[in-house]
Amino acid sequence: MQLPVLAALVLILAGVWSLVVWPQFLRRVVKDPRARDAAGKATRFLTVHVVLVSISMVLGLATAVIGVLGLLG
């Protein structure tokens with residue numbers, strides 16, 4: 001895969017950013033009182049955020065991998 005070096009670096013940076021930021025966000029969501037109901041069961045608030053974070057991290061990893069592959073040529 002041929003990518004300009006700058007484009008590859010931007011993809012790597014964007015991927016790493018997602019992999020660093022989203023887990024921190026999920027930790028806050030898990031501690032949020034809206035994440036569990038009175039019985040301790042996961043709420044839709046928690047479920048939706050777990051799905052969003054999971055998808056974002058998979059896309060972040062894919063972005064970083066594409067950037068690395070582009071950088072390696």
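## A salt bridge between Asp32 and Arg34

In this predicted model, Asp32 and Arg34 are joined by a salt bridge, and their closest N and O atoms lie 2.9 Å apart. The count of salt bridges in the structure comes to one, which makes this pair a convenient place to begin reading the model.

The two partners can also be described by how much of their surface is accessible. Asp32 has a relative accessibility of 18% and counts as buried, because the cut-off for buried is under 20% relative accessible area. Arg34, by contrast, has a relative accessible area of 52% and is exposed, since exposed begins over 50%.

## An aromatic pair in helix H1

The structure also holds one aromatic pair. This pair is formed by Trp22 and Phe25, and its arrangement is edge-to-face, with 5.5 Å from centre to centre and an angle of 90° between the planes.

Why can these two residues be described as about one helical turn apart? Trp22 and Phe25 both belong to helix H1, which covers residues 5-31, and they are three residues apart in it, so about one helical turn separates them. As a general matter, an α-helix has 3.6 residues a turn, so residues three or four places apart point the same way. Both members of the pair are partly exposed, Trp22 with a relative accessibility of 27% and Phe25 with a relative accessible area of 34%.

## Gly15 and Trp17

Two other residues of helix H1, Gly15 and Trp17, give a contrast in accessibility. Gly15 is buried, at 0% relative accessibility, whereas Trp17 is exposed, at 59%.

Which residues does Gly15 touch, if those up to four places away in sequence are not counted? They are Gly60, Thr63 and Ala64. Of these, Gly60 and Ala64 are listed among the buried residues of helix H2. Distance along the sequence and distance in space can be set side by side here: Trp17 and Ala64 are 47 residues apart in sequence, with 9.3 Å between their C-alpha atoms, while Gly15 and Lys31 are 16 residues apart in sequence, with 25 Å between their C-alpha atoms.

## Helix H2 and its buried residues

Helix H2 runs over residues 44-72, a total of 29 residues, and the distance from its first C-alpha to its last is 42 Å, close to the 42 Å expected at 1.5 Å a residue. After H2 comes Gly73, which has a positive phi, near 85°.

The buried residues in H2 are Leu46, His49, Val53, Ser56, Gly60, Ala64, Gly67 and Gly70. What covers these buried residues includes H1, and the contacts that Gly15 makes with Gly60, Thr63 and Ala64 can be read alongside this.

## The protein as a whole

The secondary structure comes to two helices and zero strands. Along the principal axes, the C-alpha atoms fill a box of roughly 55 × 15 × 10 Å. The radius of gyration is 16 Å, whereas a compact globule of 73 residues would have one near 11 Å.

Among contacts with a separation of 6 or more, 68% are accounted for by residues 24 or more positions apart. Of the 73 residues in the protein, 23% are buried. The protein exposes about 5300 Å², and carbon and sulfur atoms supply 73% of this exposed area.

Definitions and conventions:
Residues are numbered from 1 along each chain as its sequence is written. This is a predicted model: local features need pLDDT of at least 70, side-chain atom pairs count only at pLDDT 80 or more; totals for chains, interfaces and linings use all residues. Side-chain values use heavy atoms; hydrogens and water are left out. A salt bridge is a side-chain nitrogen of Lys or Arg within 4 Å of a carboxyl oxygen of Asp or Glu. Buried means under 20% relative accessible area, exposed over 50%, partly exposed in between (1.4 Å probe, protein chains only). Rings of Phe, Tyr and Trp (its six-membered ring) pair if their centres lie within 6.5 Å; planes under 30 degrees apart count as stacked, over 60 as edge-to-face and the rest as tilted. Helices (H or I, at least four residues) and strands (E, at least two) are DSSP runs, numbered from the N terminus. The expected span of a helix is 1.5 Å times one less than its number of residues. Contact means heavy atoms within 4.5 Å. The radius of gyration is taken over C-alpha atoms; the globule rule is 2.2 Å times the number of residues to the power 0.38. Accessible areas come from the Shrake-Rupley method with a 1.4 Å probe; for residues, only the protein chains shown count as cover.
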